[in-house]
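Me: I am new to this entry and would like to go through it step by step. Could you show it to me before we begin?

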Amino acid sequence: MRVLGIESSCDETGVAIYDDERGLVAHALHTQIAMHAEYGGVVPELASRDHVKRVVPLVHRVLDDAKLQFQDLNAVAYTAGPGLIGALLVGAMAARSLAFALNIPAVPVHHMEGHLLAPMLEDNPPKFPFVALLISGGHTLLIHVDRPGSYKILGQSVDDAAGEAFDKSAKLLGIPYPGGPGLEKLASQGDAQAFHFPRPMIDRPNCDFSFAGLKTAVLNAVHASDNLERDKADIAASFTLAVADTLTHKCERALKEMGLNRLVVAGGVSANRTLRSALQDLMVKRGGEAFFARPAFCTDNGAMIALAGMLRFKAGQVGDLGVTVHPRWPLSELKAL
Ligand code: KG4
Ligand code: ZN
């Protein structure tokens, strides 16, 4: 069976086809980075209009790449939330209409479930149960995952998400949107020991995070510097180390509490090499295993939606004829599979 997946929750249009026997057979992505860069961030209305332009050509592209016809599809999955309402509606409308025309089910998918399952697209996929660290632009979550669809939140950010901290700190350092990848590049030239930034909430006996204070510490370092050109790579590297230490500490706590030794790390921020190696080191130290998606599947993409859509489709959890999206949608509301 084959599921077409459509992602359009923010600034990337992603389309892919997942085959339950062959795995991922095609994927394509259009990123709107160049379009939004001029404004320093995502402009929702421009995002929606661009998804309208991109989605149909991308669907044709993946069908061509996979040498498949529309008739070869068994379901069409789409990101139903969380995300920007206009952007979500474009993907939902496209998916729902295509499914209606082909007389096959449309499958609404939770964007964060897509991220969480993305490491299963790789060789050596994680076995259940595991602890998942989801770090994206809008979310920082530690989750106990018994099986697909069963998500027990162990901790989350009480203020900024990890990606937001990267993006805001990047802005303070004069790095253009999107901040995360630019900050990583700058940090690679810096000394992570040069500044000592706080490791927020590390002493609290829970799995929650707070990144707003770290951003303020970066702001103070920027203001205190008499030569920002000289210091900015050191600030970027020291900031990244503070985030890495904090995430590592909380992951270790969650693994201990759950008595587990498998850690899945997903979401846009998990593309960061420093964070990946810190979490990898943690799992080596514990004699466990860390699982990541390839960097292109850490950030938004259609492949993760096609995969999550396949699991929901097989469980009979398909949508009705309505086009429903959920700009806000707690992961814990999902049905287990
Ligand atoms: O998962 P994602 O693509 O979109 C959301 O669902 O939010 O995550 C985007 C976030 C942004 O905050 C971006 O700056 C961050 O992921 N990000 C990174 C890197 N690549 C993307 N942060 C740090 N290092 C990176 N290499
Ligand atoms: Zn995302």
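Reply: A polar contact here is a pair of N or O atoms within 3.5 Å. With that cut-off in mind, and remembering that this is a predicted model, we can turn to the ligand.

Me: How far does a backbone N or O atom of G163 lie from an oxygen atom of ligand 1?
Reply: H115 brings a polar side-chain atom to 2.9 Å from a ligand oxygen, and a polar backbone atom of G268 is likewise 2.9 Å from an oxygen atom of ligand 1. For the backbone N or O atom of G163, the separation from an oxygen atom of ligand 1 is 3.2 Å.

Me: What share of the area that ligand 1 exposes when taken alone does the protein bury?
Reply: Around ligand 1 there are 18 residues, of which H115, G137, D167, E184 and G268 come nearest. Taken alone, ligand 1 exposes 550 Å², and the part of this that the protein buries is 87%.

Me: Are helices α5 and α7 roughly parallel or roughly antiparallel?
Reply: The axes of α5, residues 162–172, and α7, residues 212–224, come within 10 Å and cross at roughly 10°. Angles under 35 degrees count as roughly parallel, and therefore α5 is, with respect to α7, roughly parallel.

Me: Which residue follows F128 across a cis peptide bond?
Reply: Most peptide bonds are trans. The bond that leaves F128 is cis, with omega near -5°, and the residue it leads to is found in the loop between α4 and β6. That residue is P129.

Note on methods:
Residues numbered from 1 in each chain as written. Chains lettered and ligands numbered in written order. Predicted model: local features only at pLDDT ≥ 70, side-chain atom pairs only at ≥ 80, totals over all residues. Heavy atoms only, no water. Axes fitted to C-alpha atoms, helices over the stretch in contact; angles between N-to-C directions. Helix = DSSP H or I, 4+ residues; strand = E, 2+ residues; numbered from the N terminus. Parallel < 35°, antiparallel > 145°, perpendicular 65-115°, else oblique. Near = heavy atom within 4 Å. Polar contact = N/O pair within 3.5 Å; in protein donor to acceptor, adjacent residues only side chain to side chain. Areas by Shrake-Rupley, 256 points an atom, 1.4 Å probe, with all protein chains shown as cover.
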